[in-house]
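Me: Please take a close look at one part of this model and work outward from there. I am in my first year, so keep the steps short.

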Amino acid sequence: MASWHKMVVLIFLLAMARSYGVEDKVKVSLYYESLCPYCANFIVNQLGKALYEGNLVSIVDLRMIPWGNTQFAPNNAWICQHGPDECLIDMVEACAIELLPHSGLWFEMIKCIEELNLQGKHGEWKSCMNSLKIDPQPITDCYQSRKGVDLELKFADETNHLNPPHRFVPWLLVNDKPLQEDYQNFVAYICNAYRGQNKPKACEQHVLETNDFKEANSSHHVCYSGEIEQSLPFNYNL
């Protein structure tokens, strides 16, 4: 009976996958940093709502890369744009992405942390694991060890080899093509790129505009690369 039940569930999942064309999922990569207020606002109020309220998640293969505008000091310490707390939380979010079992859960944890950031409460980030009933020990072991450092160094290498280089965050790619200043029009780009038959609800209200990038509208909604505040380097000492 148990094996029959598993077979029914598998058939159902395969049917759902075909209905939304999993093989045609659109690759979406978000390069960001945890304490940039514009990244936080984008994750909480735009990306999250489109993914889960508009069911855009059904056609998206989402990647999030928390490194952003971080720079290396001469001694290989990290200098994060918004201070050492940002370095730590970037690493926490990298560990969540690596360790949590599915993208829905790690996205919810990141979204929770970014909501706290918008409220000026980023120091309470550990409460997100409690509210989501996530065992804190694996993530703690990760960010307090070399594993967390190595995850961030991998994201640093990926970010620093973007072509064209990122100029600000949030920096969004759809099928490896940077949206640059037009990142807030991401739903339309995703829907336009999707080749499956059944488009989700989010696509019904978004038509891709072919105007030039909206620099005037987005220039004050990003954290620019190179604008590092005076702050102490983050020394991981591992």
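Reply:
**Strand 6 and its surroundings**

Strand 6 and strand 7 pair over 2 bridges, and they do so in the antiparallel sense. One of the links can be named: Val174 has Lys177 in strand 7 as its bridge partner. Keep in mind that this is a predicted model.

Look next at the turn. The hairpin of strand 6 and strand 7 has 2 residues between the strands. Asn175 takes a positive phi there, near 50°.

Now look at the side chains of strand 6. Trp171 and Leu173 point one way. Leu172 and Val174 point the other way. All of these residues are buried.

Strand 6 has another partner. It runs antiparallel to strand 1, and 4 bridges join residues 26-32 of strand 1 to residues 171-174 of strand 6. Which residue in strand 6 is the bridge partner of Tyr31? It is Trp171. What stands opposite Ser29 in strand 6? That residue is Leu173.

Step back to the whole sheet. It is open, has 4 strands in the order 2-1-6-7, and its pairing is mixed. Strand 2 (60-66) and strand 7 (177-178) are its edge strands, and each pairs on one side only.

Helices pack on this sheet. Helix 2, residues 37-52, touches strand 1, strand 2 and strand 6. Its direction makes about 160° with that of strand 1. Helix 4, residues 103-118, also packs on the sheet. Helix 4 touches strand 1 and strand 2, and its direction makes about 45° with that of strand 2.

Follow helix 4 to one of its residues. Trp106 lies in helix 4. Is Trp106 buried or exposed? Its relative accessible area is 6%, and the limit for buried is under 20%, so Trp106 is buried. What is Trp106 in contact with, leaving aside neighbours within four places in sequence? The answer is Leu62, Met64, Ala96, Ile97 and Leu100. Trp106 and Glu93 are 13 residues apart along the chain, and 8.0 Å separates their C-alpha atoms.

Glu93 leads to helix 3. Glu93 is one of the buried residues of that helix, and Ala96 and Ile97 are also among them. The buried residues of helix 3 pack against strand 1 and strand 2 of the sheet. They also pack against strand 4 (78-79), helix 4, helix 6 (136-143) and helix 7 (146-160). Check the length of helix 3 too. It has 16 residues (84-99), so at 1.5 Å a residue it should span 22 Å. Its end C-alpha atoms are 23 Å apart, which agrees.

Last come the aromatic rings. The count comes to 8 aromatic pairs. Take Tyr52 and Phe107, whose ring centres are 5.7 Å apart and whose planes are at 40°, so the pair is tilted. This pair links distant parts of the chain: Tyr52 is in helix 2 and Phe107 is in helix 4, 55 residues apart. The two partners differ in cover. Tyr52 is partly exposed, because its relative accessible area is 35%. Phe107 has 0%, so it counts as buried.

Compare the pair of Trp125 and Tyr143. Their ring centres are 5.6 Å apart and their planes are at 75°, so the pair is edge-to-face. Here the link spans 18 residues, from Trp125 in the loop between helix 4 and helix 5 (127-131) to Tyr143 in helix 6. Trp125 and Tyr143 are buried. A cluster of aromatic residues is present as well, formed by Phe42, Tyr183 and Phe186.

Where does this leave the whole chain? It holds 9 helices and 8 strands. Of its 238 residues, 46% count as buried. Take the contacts with a separation of 6 or more: residues 24 or more positions apart account for 75% of them. The accessible surface of the chain comes to about 12,400 Å², and 52% of that belongs to carbon and sulfur atoms.

Key: Residues numbered from 1 in each chain as written. Predicted model: local features only at pLDDT ≥ 70, side-chain atom pairs only at ≥ 80, totals over all residues. Heavy atoms only, no water. Pairing = 2+ DSSP bridges. Contact = heavy atoms within 4.5 Å. Axes fitted to C-alpha atoms, helices over the stretch in contact; angles between N-to-C directions. Expected span 1.5 Å × (residues − 1). Buried < 20%, exposed > 50% of the residue type's maximum accessible area, 1.4 Å probe, protein only. Areas by Shrake-Rupley, 256 points an atom, 1.4 Å probe, with all protein chains shown as cover. Phe/Tyr/Trp six-rings, centres within 6.5 Å; stacked < 30°, edge-to-face > 60°.
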